[in-house]
Amino acid sequence: MLKKCLVLVLGLCLFVGVSSICFASKHKHSPKPGILLVAFGTSYPDGKRAYSFFEKEVKKAFPGIEVRWAYTSSIIRHKLAKEGKNIPSPVKALAQMMSDGFTHVAVQSLHTIPGEEYEYLEQVVEGFSVMPKGFTKIVLGTPLLYSVHDIPKVADALLKNLPSLKKGWGIALMGHGTGHRANSYYAALQYALWLKNKKVFLGTVEGWPTIREVRQELKQHKIKDVYLMPFMSVAGDHAHNDLAGDESDSWKGILSKAGFKCHPILKGTGEMKEIVEIWIEHLKHAYAKLGLK
Ligand code: CO
């Protein structure tokens, strides 16, 4: 996979016809640092709101440093391209940054867990870091949930952003979930949440636990009214359809059928200041490894 990535990266350099980019940057007198934010991507206006907020907070933490974006989802990139909005892939964005003379680049993952998307990003960054005469230094900031310390921190930050609960009320959070082993972070986070609030339930769309476990817990806790919220950086397709959609197989559909009254709040974690602060902490940690000043 790493080899494949290297071939891809080197191939791209040749393809763009910018052989000069591979040889220009290392001998510049002053370093040119940059930040690349990498998200899955979204085509929803609600999602864009989260990314804009995130970018604003990053720029506040790193004044004067250029911030660029890349999306890992090719489906989203193609959809946006049809609307005339061109967001590059991570490989393309980094090749362009090389071409533009950046010497030190901090790549920050906007992913929630270190799953497949993050591992791909690790390989891309690794590919660029071994490229002869490429960037002087390139580093990668970890996703929201990565070290053991992130788990209670994220739980606390999340709880600050949840509505307060009257008797008989609860919250169902929808994480993305994955078949990757990193899915276990959701169960760890659920434990950390329960230490502080027993009425907050975290399930996933594509992993485990599912809505079935969440429904069972809601019943056991005698909850009647449920706030439905995404536990994803953006309130995009999953939030609008799988969580709060009117179909019978959405969380709203399933829970309504089971007698719960549902109250969706479509706000991504990328819009929550305390959560974004944790991502930015990870970026600061990575940025420090660039060894500038
Ligand atoms: Co998905």
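Donors are N, O and S atoms within 2.8 Å of the metal, and water is not among the atoms, so a site may look incomplete. In this predicted model, the cobalt ion has His176 (NE2) and His238 (NE2) as its protein donors, lying 2.1 Å from the ion. The points below cover the cobalt site, the parallel strands β3 and β4, and helix α12.

**Cobalt site**
- His176 belongs to the loop between β5 (169-175) and α8 (184-196), while His238 is in helix α10 (residues 237-243), so the two donors tie together parts that are 62 residues apart in sequence.
- His176 is partly exposed, at a relative accessible area of 28%.
- His238 counts as buried, with 19% relative accessibility, because the limit for buried is under 20%.

**Strands β3 and β4**
- Strand β3 (residues 104-109) runs parallel to β4, and 5 bridges join the two.
- Opposite Lys137 of β4 stands His104.
- Helix α6 (residues 116-129) completes a right-handed β-α-β unit with β3 and β4.
- Of the 5 residues in strand β4 (residues 137-141), 4 are buried, leaving the strand mostly covered.

**Helix α12**
- Helix α12 (residues 273-288) has 16 residues, which at 1.5 Å a residue should span 22 Å; the end C-alpha atoms are 22 Å apart, in agreement.
- The buried residues in α12 are Ile275, Val276, Ile278, Trp279, Ile280, His282, Leu283, Ala286 and Tyr287.
- Their cover includes the strands β1 (33-39), β3 and β4, together with the helices α3 (45-61) and α7 (150-160).
- Both strands of the β-α-β unit are thus among the elements covering the buried residues of α12.

Technical notes: Residues numbered from 1 in each chain as written. Predicted model: local features only at pLDDT ≥ 70, side-chain atom pairs only at ≥ 80, totals over all residues. Heavy atoms only, no water. Donors = N, O, S within 2.8 Å, 3.2 Å for Na, K, Ca; no water. Buried < 20%, exposed > 50% of the residue type's maximum accessible area, 1.4 Å probe, protein only. Pairing = 2+ DSSP bridges. Right-handed = clockwise from strand over helix to strand, strands pointing away. Expected span 1.5 Å × (residues − 1). Contact = heavy atoms within 4.5 Å.
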